[in-house]
Amino acid sequence: MAAGLRKRSRAGSAAQPAGVCGQWLQRAWQERRLLLWEPRYTLRVASCLCLAEVGITFWVIHRVAYTEIDWKAYMAQVEGVINGTYDYTQLQGDTGPLVYPAGFVYIFMGLYYATGQGTDIHMAQNIFAVLYLVTLLLVFLIYHQTCKVPPFVFFFMCCASYRVHSIFVLRLFNDPVAMALLFLSINLFLAQRWGWGCCCFSLAVSVKMNVLLFAPGLLFLLLMQFGFRGALPKLGICAVLQVVLGLPFLLENPIGYLSRSFDLGRQFLFRWTVNWRFLPEALFLHRAFHLALLAAHLTLLLLFALCRWHRTGESILSLLKDPCKRKVPPQPLTPNQIVSTLFTSNFIGICFSRSLHYQFYVWYFHTLPYLLWAMPAHWLTHLLRLLVLGLIELSWNTYPSTSCSSAALHICHAVILLQLWLGPQPFPKNIQHIKKAH
């Protein structure tokens, strides 16, 4: 009889998890519409998508051929540093000189040793697969805190993009490393860990300079939160980290290091451009065209700062004051204010980039759902937003790029910019506070 009781207790304990799982699945089926549409279910949907991504990513690694583009060049450049060359002008790879800051060297030096001097491509792909999953986790944590994007959109951000999977695990570019660090810094900003966030932001910049496109938005947020004096220590963290990381190279050849790793005037090849294929090559390479893009970039940033981000009714110069001395009482920055400012700042920079290459897609791919759904204009329906996402994906998957694919990409960017300008304000006006203060 005791044996029978033991058998029943074991069967009961085994049935408990199955019953709980069955109840969860039944509840999920009953609430399937809410799961797809309500942002509060982001983490549940994200967990399912991440599990699916494990299978998809490792299937891609085993079934789709690896394509060598820059990996061998990265390893050759890092090997030069390992062999004692600290002069950046002497560091070369198969595809050209080393043009990335010092953080890139240290991170890819670790990959050099982890992959048998860069020869174990399969190990490198597995490492980048883990990096991809970590990046997704960091992105989902951001979306969970903003609570703006319906979860059904995340399927298109995960499983549906061939190009992004290719950039991470079939090409092994350094862009995903920089973006993973960037998303980590944004999570720290959302947790109000501004010092650590600035540290990770600077580390991301030290891997690749594209992260500087987020810098205008970050500067605005720091001034909004701390004022000029309070922002200086945070900016100091960014600067000091760059000096510390680059110190061995700065001591050897400071001009060579700065001119190579932070070369803002570097010329891009017309044959790789995704966004300006419809232009004549002579115009694409002309310095006046580059200056016009820079002027448009700065102008639009200024307009967004004045009309969209700074909504207190005070002068923009009031940001330089200590927050407690402003006419409007300081309010804590909300997650949506932080994320919208950073994502919009980056997106404006991408719209006016001198050239976008295929691996640059990850610079803004994971931010597109937020830009389209978090502050939607009334005229932009769900179907139209999905159409914009689809056309952007198609443009980035057209190889080589054509005049039509480049034009389609610019049209989609213009639609997103327009709805960012016309959509609901991330920073509401505080005119009433000013009247009370007076």
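**Two buried side chains and a helix pair**

Let me begin with one polar contact, in which the backbone oxygen of Trp363 lies 3.1 Å from a polar atom of the side chain of Asn346. I should say at once that this is a predicted model, and that what I describe is computed from it.

Asn346 itself is found in helix H15, which covers residues 335–351, and with a relative accessible area of 0% this residue is buried. If we leave aside its neighbours within four places in sequence, Asn346 is in contact with Leu213, Phe214, Trp363 and Tyr364, so that Trp363, the residue I opened with, appears in this list as well.

Let me turn now to His366, which lies in the loop between H15 and helix H16, the latter being residues 368–373. His366 is buried too, because its relative accessible area is 2% and the cut-off is under 20%. Again leaving aside neighbours within four places in sequence, His366 is in contact with Thr135, Leu136, Val139, Tyr143, Met157, Val164, Phe168 and Phe183.

Finally, a pair of helices: how do H9 and H10 pack? Helix H9, residues 175–190, and helix H10, residues 194–205, pack at an angle of about 170°, and their axes are 8 Å apart. Since angles over 145 degrees count as roughly antiparallel, H9 is therefore roughly antiparallel to H10. On the H9 side the residues that meet H10 include Leu181, Leu184 and Phe189, while among their counterparts in H10 are Trp194, Trp196 and Phe201. By class, this contact of H9 with H10 has 13 nonpolar residues, two polar ones and no charged ones.

Key. Residues numbered from 1 in each chain as written. Predicted model: local features only at pLDDT ≥ 70, side-chain atom pairs only at ≥ 80, totals over all residues. Heavy atoms only, no water. Axes fitted to C-alpha atoms, helices over the stretch in contact; angles between N-to-C directions. Helix = DSSP H or I, 4+ residues; strand = E, 2+ residues; numbered from the N terminus. Parallel < 35°, antiparallel > 145°, perpendicular 65-115°, else oblique. Contact = heavy atoms within 4.5 Å. Nonpolar A, V, L, I, M, F, W, Y, C, P; charged D, E, K, R; others polar. Buried < 20%, exposed > 50% of the residue type's maximum accessible area, 1.4 Å probe, protein only. Polar contact = N/O pair within 3.5 Å; in protein donor to acceptor, adjacent residues only side chain to side chain.
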